[in-house]
Number of protein chains: 2
Amino acid sequence: MLVHTIDEVREQVRNWKKQGLTVGLVPTMGALHAGHKSLIDKSVSKCDKTVVSVFVNPIQFCPGEDLDKYPRTLDADEKLCTDAGVDLVFAPNPKEMYGDVNIMSNDFLTYVIPPFFYVNKLCGKSRVGHFDGVCTVVNKLFNIVQPDFAFFGEKDRQQLIILKKMVKDLNIPVEIIPCPIVREDSGLALSSRNKYLSPEDKVNALALSKILFNIKACYNKGITDVEALTETAYSYLTERHSLEYLEFRDADDLEEKTVADDNTIVFIALKIGDVRLIDNIAL
Amino acid sequence: MLVHTIDEVREQVRNWKKQGLTVGLVPTMGALHAGHKSLIDKSVSKCDKTVVSVFVNPIQFCPGEDLDKYPRTLDADEKLCTDAGVDLVFAPNPKEMYGDVNIMSNDFLTYVIPPFFYVNKLCGKSRVGHFDGVCTVVNKLFNIVQPDFAFFGEKDRQQLIILKKMVKDLNIPVEIIPCPIVREDSGLALSSRNKYLSPEDKVNALALSKILFNIKACYNKGITDVEALTETAYSYLTERHSLEYLEFRDADDLEEKTVADDNTIVFIALKIGDVRLIDNIAL
């Protein structure tokens with residue numbers, strides 16, 4: 001069932017809760033692909049009822065980013081959800097979520113702000129305010145749906161760590177379930193933004209996963225020094241790649257690592273032309 | 001019943017919710033007086049079960065404020081609650097609420113930040129960060145207790161307006177119930193900080209309510225020009241008073257008024273010696 005208003009969601013969830021049913025939430029920006037599908041499958045198998053939200057959240061886009069051209073494919077999204085056994089698709093418009101408030105500043109809207117230490121690095125460095133927008137909208141969705149479980153992909157690993165921190169810091173009664181990255185056979189991590197890539201650049205995009213897989217293979221052979229582990233990475237990069245970061249950080253608190261261990265995540269972000277891609281791997 | 005841990009609260013409330021009972025929350029910093037008692041009475045009469053939280057929240061105190069000397073009277077608070085029919089008193093320590101995180105900056109803690117337009121005036125001007133701390137702790141308490149209703153005094157009117165805005169902006173499933181200011185026969189609004197006043201300064205403190213009552217009387221006679229309404233106020237002030245603000249603002253969005261109407265609140269704050277007092281009145 002597809003609904004567009006907060007009231008409809010609340011009414012449906014209230015009925016489920018009265019029956020003692022558990023509720024899973026999969027928050028998305030739509031343009032659903034097999035990565036989202038894996039989150040949905042996990043929720044459908046774990047929870048009595050599954051809600052998928054489809055909302056391209058304007059306040060998590062920075063000036064100059066792809067808010068207007070971000071892919072919107074609601075009909076296909078709804079079909080994927082129905083086929084996957086989703087019980088409710090919530091697709092509000094920005095006005096339903098934010099009213100008539102000027103939302104692009106904190107002058108007139110209450111924000112949920114993650115800790116500076118978690119956002120002053122990796123994607124947070126170039127996408128200023130992005131995680132404020134993410135935490136605020138996820139907090140809103142949690143309050144609207146009141147799920148028992150919420151499913152997030154490890155593809156957006158910094159987001160996942162920040163949201164887990166938010167849940168802990170604000171005592172939010174929702175359990176966050178991380179879901180593994182889904183990759184094409186080539187190794188490319190699925191992303192709605194892959195649609196922006198030309199066939200040629202899709203090949204260039206393999207550099208991300210190749211770099212990460214190579215680092216993991218070296219780590220598995222016993223190399224732990226981060227400098228040594230990154231040495232060969234640059235050989236995968238061409239003039240077409242503009243590396244934003246390649247960093248080793250703690251899986252819980254994003255502290256930087258100079259020596260890798262089993263609680264280390266390797267994060268990479270780079271641009272191919274105008275398309276910004278991210279990936280990561282746990283060692 | 002008095003409990004100190006989040007787990008105990010959650011367990012108790014879960015049992016109540018299973019029975020379909022409604023829950024009211026009265027968040028306090030303790031040092032309970034007849035003002036708090038009126039909030040408690042309202043919750044007890046409106047809700048099946050009432051929770052009172054007693055927590056002197058460090059993150060809503062600014063540097064140099066009275067965090068350390070703020071009155072702590074838990075035994076008396078518990079007795080007042082029991083006598084009033086409260087079902088659960090939740091008195092956590094700071095570690096239970098915030099863990100071992102350094103909470104005095106936003107480096108390591110997720111904050112809920114009210115809109116700048118609502119905090120850049122009145123008490124927010126001198127108490128920088130105060131309402132960030134209030135919104136964050138109230139959000140936490142809402143997530144811990146998950147009440148149907150929460151009761152706040154109109155004494156802290158700017159706080160009340162900011163919390164209503166937070167509930168709306170973040171879609172929090174809690175209804176905020178405002179409760180009228182309780183005054184001594186003299187007119188003095190009850191406050192835990194009145195304990196800091198010498199007998200002489202308690203008389204000086206009557207200036208606040210006298211100014212407000214006088215303005216309201218003039219308004220009721222038909223005067224609406226704010227300049228005219230404030231004219232006589234200064235005659236109530238002596239060398240002992242240090243006026244911080246006397247302002248006319250909209251009851252919903254705190255917009256400044258130059259002409260008073262029925263949706264106007266008159267706000268006053270002043271210091272008597274080291275003691276900062278606030279009061280307000282609706283026209």
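This talk goes through a predicted model with chains A and B, from the domains of chain A to the contact between the chains and a sheet in chain B.

Some housekeeping. Residues are numbered from 1 along each chain as its sequence is written, and chains are lettered from A and ligands numbered from 1 in the order in which they are written. As the model is predicted, local features need pLDDT of at least 70 and side-chain atom pairs count only at pLDDT 80 or more, while totals for chains, interfaces and linings use all residues.

First, the domains. Chain A splits into domain 1, residues 2-179, and domain 2, residues 192-282; these bounds come from an automatic or database domain assignment. Their C-alpha centres are 26 Å apart. Eleven residues of domain 1 of chain A are in contact with eleven of domain 2 of chain A, where contact means that the C-beta atoms, placed from the backbone, lie within 7 Å. On the side of domain 1 that touches domain 2, helices H6 (123-126) and H8 (157-169) of chain A each supply at least two residues. Helices here are DSSP runs of H or I with at least four residues, strands are runs of E with at least two, and both are numbered from the N terminus.

Next, the two chains. How many residues of chain A are in contact with chain B? There are 26, and they meet 25 residues of chain B. Strand E5 (111-113) and helices H5 (116-119), H7 (130-145) and H8 of chain A each give at least two residues to that side of chain A. H7(A) gives the most, with five residues.

E5(A) also pairs with E5(B), in the antiparallel sense, over three bridges. To count as a pair, two strands need at least two bridges between them found by DSSP. Within this pairing, Ile113(A) stands opposite Tyr111(B).

Now the symmetry. Chain A can be laid on chain B with an RMSD of 0.0 Å by a turn of 180° and a shift of 0.0 Å along the axis. That fit is by least squares on the C-alpha atoms of residues with pLDDT of at least 70 in both copies. The two copies are therefore related as by a two-fold rotation axis. In chain A, Val112(A) has the C-alpha nearest the axis, at 2.3 Å.

Last, a sheet in chain B. Three strands, in the order E8-E9-E10, form an open antiparallel sheet. Its edge strands are E8 (241-250) and E10 (275-282), each pairing on one side only. E8(B) and E9(B), residues 264-272, pair over nine bridges, and His241(B) has Ile272(B) as its bridge partner.

Key
Contact = placed C-beta atoms within 7 Å.
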